[in-house]
Amino acid sequence: MSIYKKLLEVQKELAPIVKGKPNPFFKSEYFDINMLLADVKPTLNEHGLIVLQPTTIINGKNGIRTRIIDVETNEEVASDGLQLPDGVKAQDYGSAITYYRRYDLVTLLGLEGERAYRDWE
């Protein structure tokens, strides 16, 4: 089975990711990278797919590359997603890596988020 057929099966099996983390600053909710990976990795792995998200160089700048690899055929789909910001503190750089990993993986897999109900005042 091709990687695209396997990804189709993965998409059929994955439910929307529940946004269960509160962001009171924006009065909204989100899912963090750990919640996302906990939801998608088991399904990907059941189909012989792994996800890797190394840092890389994109147009001469640091960035994140998301790869989904079929371990049987070595086929892959990839996204050279986003360039990381320059000149920021290590903690901010780490936050950007986490943020970019989350959105690059969501985009590559075509996932949707589902809001958990929260009454914001």
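Which residue of β7 is the bridge partner of R67? In this predicted model, the bridge partner of R67 in β7 is A78. The close-up views below begin with the strands around this residue.

**View 1. Strand β6 (residues 61-70) and its pairing with strand β7 (residues 76-83).** The two strands run antiparallel and are joined by six bridges. One of the residues involved is R67, whose partner in β7 is A78. Five residues lie between the strands of this hairpin, and N74 adopts a positive phi near 65°.

**View 2. Pairing of β6 with β4 (49-52).** Four bridges connect β4 to β6 in the antiparallel sense. L52 has R67 as its bridge partner in β6. R67 is thus shared by two views, being the partner of L52 and also being bridged to A78 of β7.

**View 3. The hairpin of strand β5 (residues 55-58) and β6.** Here, too, the pairing is antiparallel and comprises four bridges. I58 is bridged to K61 of β6. The hairpin has two residues between its strands, and N59 takes a positive phi near 50°.

**View 4. The largest nonpolar core.** This core contains 19 residues, and L36, V40, L44 and I68 have the most contacts inside it. Two or more residues each are given by α1 (3-13), α2 (33-46), β4 (49-52) and α3. The largest share, five residues, is that of α2. Leaving aside residues up to four places away in sequence, L44 touches L7, V10, L49, V51, I68 and L109. I68 therefore appears twice in this view: it is among the residues with the most contacts inside the core, and it is touched by L44.**View 5. A separate core of five residues.** Apart from the largest core lies another, of five residues, including I64, L84, A96 and I97.

**View 6. Aromatic rings of helix α3 (residues 90-109).** The structure holds two aromatic pairs. In one of them, Y99 and Y103 form a tilted arrangement, with 4.8 Å from centre to centre and 50° between the planes. Y99 and Y103 are separated by about one helical turn because they stand four residues apart in helix α3. Both tyrosines are partly exposed: the relative accessible area is 43% for Y99 and 36% for Y103. Ring pairs link Y99, Y100 and Y103 into a cluster.

Technical notes: Residues are numbered from 1 along each chain as its sequence is written. This is a predicted model: local features need pLDDT of at least 70, side-chain atom pairs count only at pLDDT 80 or more; totals for chains, interfaces and linings use all residues. Side-chain values use heavy atoms; hydrogens and water are left out. Rings of Phe, Tyr and Trp (its six-membered ring) pair if their centres lie within 6.5 Å; planes under 30 degrees apart count as stacked, over 60 as edge-to-face and the rest as tilted. Buried means under 20% relative accessible area, exposed over 50%, partly exposed in between (1.4 Å probe, protein chains only). A nonpolar core is a set of buried Ala, Val, Leu, Ile, Met, Phe, Trp, Tyr and Cys residues joined through side-chain atoms within 4.5 Å. Contact means heavy atoms within 4.5 Å. Two strands pair if DSSP finds at least two bridges between them.
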